[in-house]
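Trainee: I am new to this structure. Please pick one strand and take me through it closely.

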Amino acid sequence: MSSIRPLHDRVVIQRLEEERTSPGGIVIPDTAAEKPIKGKVIAVGNGKMLDNGERRPVEVSPGDQVLFGKYSGTEVKIDGADYLVMREDDIMAVFE
């Protein structure tokens, strides 16, 4: 990926592929599969600017695996790959 630096409290995320089989062993076709809500953080901004002029740093870092809302972020295509750009507030959890 070319170097990209999101602004403020925004984060660039690459979706992680979900399994295409149900718990019962049924293969789910691509047309019926939902978009994954799990991804890997690729880049983070400098942090949110607070009212007092200080900057609050972003809590996630590149390489973290995160859980986000189904309809969160804006989809963008960079160097032929699909990514999501969203605010840090749209991230619900970090996998440890």
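**A close look at β5**

Mentor: Start with one pair: Lys38 stands opposite Leu67 in β5. Keep in mind that this is a predicted model. Lys38 belongs to strand β2, residues 38-44. β2 and β5 run antiparallel, and 3 bridges join them.

Now turn to the other partner of β5. Strand β8 covers residues 91-95 and pairs with β5 over 4 bridges. This pairing is antiparallel. Leu67 appears again here, since it stands opposite Ala93 in β8. Leu67 therefore faces Lys38 in one pairing and Ala93 in the other, with each pairing resting on at least two bridges.

Next, look at the side chains of β5. Which of them are buried? Val66 and Phe68 are, and they point to one face. Gln65 and Leu67 point to the other face and are not buried. Such alternation fits a general rule: in a regular strand, side chains alternate between the two faces of the sheet.

Where do the buried side chains of β5 go? Val66 and Phe68 both belong to the largest nonpolar core, which has 10 residues. The other members are Val11, Ile13, Val41, Val58, Val60, Leu84, Met86 and Ile91. Three elements give two or more residues to this core: β1 (10-15), β5 (65-68) and β7 (81-87). In soluble globular proteins, nonpolar side chains tend to be buried together.

Follow one core member, Val58, a little further. Leaving out residues up to four places away in sequence, Val58 touches His8, Asp9, Val11, Val44, Gly45, Asn46, Gly47 and Glu88. Val11 is a core member too.

Another core member, Leu84, leads to β7. There Leu84 stands opposite Glu75. The partner strand is β6, residues 74-78, and it pairs with β7 in the antiparallel sense over 5 bridges. The hairpin of β6 and β7 has 2 residues between the strands. In this hairpin, Asp79 takes a positive phi near 50°.

Step back to the whole chain. It has 8 strands and 0 helices. From the N terminus on, the order is β-β-β-β-β-β-β-β. Of its 96 residues, 25% count as buried. Among contacts with a separation of 6 or more, 61% come from residues 24 or more positions apart. The chain exposes about 6600 Å², and carbon and sulfur atoms supply 50% of that area.

So return to β5 with the picture in hand. Its partners are β2 and β8, and its buried side chains, Val66 and Phe68, sit in the largest nonpolar core.

Conventions
Residues are numbered from 1 along each chain as its sequence is written. This is a predicted model: local features need pLDDT of at least 70, side-chain atom pairs count only at pLDDT 80 or more; totals for chains, interfaces and linings use all residues. Side-chain values use heavy atoms; hydrogens and water are left out. Buried means under 20% relative accessible area, exposed over 50%, partly exposed in between (1.4 Å probe, protein chains only). Contact means heavy atoms within 4.5 Å. Accessible areas come from the Shrake-Rupley method with a 1.4 Å probe; for residues, only the protein chains shown count as cover. A nonpolar core is a set of buried Ala, Val, Leu, Ile, Met, Phe, Trp, Tyr and Cys residues joined through side-chain atoms within 4.5 Å.
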